[in-house]
Amino acid sequence: MPGAVQTAEVDGVLVITLNRPEVRNAIDSALSLGVLAALRALDADKDLRVGVLTGAGGTFCAGMDLKAFAAGGDFGGLVWLYKEGISKPVIGALNGPALAGGFELALACDLIVAAEEAKVGLPEVKRGLFAAGGGTTLSARIPLAVALEFGLTGEFMSAQRAREIGLFNRVVPAGDVKQEALALAAKIAENAPLSVAITKKLMRERRWGTDEETSAVFRSGDAMEGARAFAERRAPVWTGK
């Protein structure tokens, strides 16, 4: 029986697929823990550089599986993801709608490629809830007034609108979403792993690097390799050290 989360390696990229299409990839315990395991494996494998997170079928993720929630399901894996994240970049490949907890899962990604017909939303306020799984961080990604309108009304946003305000990096036909995400991942994977990781960390935290962080990268073997490769007019060979 196929698992709730499937993974495949493609040229240094780990493709993670939410695999509950019969319920529009709604989040239950198996999916939550499966995503957590896949992302931890991505972070631990030196040969993997980037993750791509997508959904099976025509939906990215419809949010929490309310039946699983009512039965006392374990959603700790995604809570960890929302709060802690991983050091390597993850690209959300939204092949369809990403709603409520599904949108919060997309927001945990660093970059987003979406299908033209994809829509996103935080409808929790319409159910007497709020976006406790990370949706309130939306104001760090888009202008506050837009984030507030989005969060307080619970209305959905089109892919085109999300692209206009800088929430999505790419909007493409549904059939091209995965390949576009892989192409973007390949561009990231060409670069030095330590440099990519510290850039993600500092941009996410909106701060300067400390002297220790700067020294760790600028004195690394990869920094020396980058300089040598440039001088020798060849592609660098990164080791992540």
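Start by selecting glutamate 116, which sits in the loop between strand E6 (111-115) and E7. You are looking at a predicted model, so every value on this tour is computed from its atoms. How exposed is glutamate 116? Its relative accessible area is 39%, so it counts as partly exposed. Now show its surroundings: leaving out neighbours within four places in sequence, glutamate 116 is in contact with Ala159, Gln160, Val171, Val172 and Pro173. For a sense of scale, add valine 50 to the selection. Glutamate 116 and valine 50 lie 66 residues apart in sequence, and their C-alpha atoms are 24 Å apart in space.

**Strand E3 and its partner**

Valine 50 takes you to strand E3, so colour residues 50-55 next. How many residues of E3 are buried? Six of its six are, so the strand is mostly covered. Turn the view to look at one side and then the other. Val50, Val52 and Thr54 are buried on one side, and Gly51, Leu53 and Gly55 are buried on the other, leaving both faces of E3 covered. In a regular strand, side chains alternate between the two faces of the sheet.

Now add strand E2, residues 13-18. In which sense do E2 and E3 pair? They run parallel, and six bridges join them. To find a matched pair by eye, pick valine 15 and look across to valine 52 in E3, which stands opposite.

**Two residues with positive phi**

Stay around E2 and look at the loops. Aspartate 11 is in the loop between strand E1 (5-10) and E2. Asparagine 25 is in the loop between E2 and helix H1 (29-44). Most residues other than glycine have a negative phi. Aspartate 11, although not a glycine, has a positive phi of about 50°, and asparagine 25, also not a glycine, has a positive phi of about 60°.

Are these residues buried or exposed? Aspartate 11 counts as exposed, because its relative accessibility is 75%. Asparagine 25 counts as buried, because its relative accessibility is 0%.

**A three-stranded sheet**

Next, select strands E5, E7 and E8. These three strands form an open sheet in the order E5-E7-E8, with mixed pairing. The edges are strand E5 (98-99) and strand E8 (156-158), each of which pairs on one side only. Strands of a sheet pair through backbone hydrogen bonds, either parallel or antiparallel.

Zoom in on strand E7 (residues 119-121) beside E8: they pair in the antiparallel sense, over three bridges. Which residue in E8 is the bridge partner of valine 120? Select methionine 157 to see the partner.

**The loop after E7, and a pocket**

Follow the chain on to threonine 137, in the loop between E7 and helix H5 (144-153). Threonine 137 counts as partly exposed, because its relative accessibility is 43%. If you draw a distance from its C-alpha atom to that of threonine 54, you will get 21 Å, for two residues 83 places apart along the chain.

Now switch on a surface. Rolling a probe the size of a water molecule over the atoms shows where empty space is left. The second largest pocket has a volume of about 240 Å³. Of the 14 residues lining this pocket, Gly135, Thr136, Ala147, Gly151 and Leu152 are the closest to its centre. What is the lining made of? It divides into nine nonpolar residues, four polar and one charged.

**Helix H10**

For the last stop, select helix H10, residues 221-231. Which of its residues are buried? Asp222, Glu225 and Ala229 are. They are on the same side of H10, because they cover an arc of only 55° around the axis. An α-helix has 3.6 residues a turn, so residues three or four places apart point the same way. Rotate to the other side of H10 and you will find Phe230 and Ala231 exposed. Show helix H8 (193-205) too, since it is among the elements that cover the buried residues of H10.

Within H10, centre on glutamate 225. This residue counts as buried because its relative accessibility is 9%. Not counting residues up to four places away in sequence, glutamate 225 touches Arg234, Ala235, Pro236, Val237 and Trp238. End your tour just after H10, at arginine 233, which takes a positive phi of about 55°.

Methods
Residues numbered from 1 in each chain as written. Predicted model: local features only at pLDDT ≥ 70, side-chain atom pairs only at ≥ 80, totals over all residues. Heavy atoms only, no water. 1 Å grid on protein atoms, 1.4 Å probe; cavity = no way out; pocket = protein on both sides within 12 Å on 5 of 7 lines; lining within 4 Å. Points joined across faces, edges and corners; volume = space filled by probe spheres on them. Nonpolar A, V, L, I, M, F, W, Y, C, P; charged D, E, K, R; others polar. Pairing = 2+ DSSP bridges. Helix = DSSP H or I, 4+ residues; strand = E, 2+ residues; numbered from the N terminus. Buried < 20%, exposed > 50% of the residue type's maximum accessible area, 1.4 Å probe, protein only. Arc of directions from axis to C-beta. Contact = heavy atoms within 4.5 Å.
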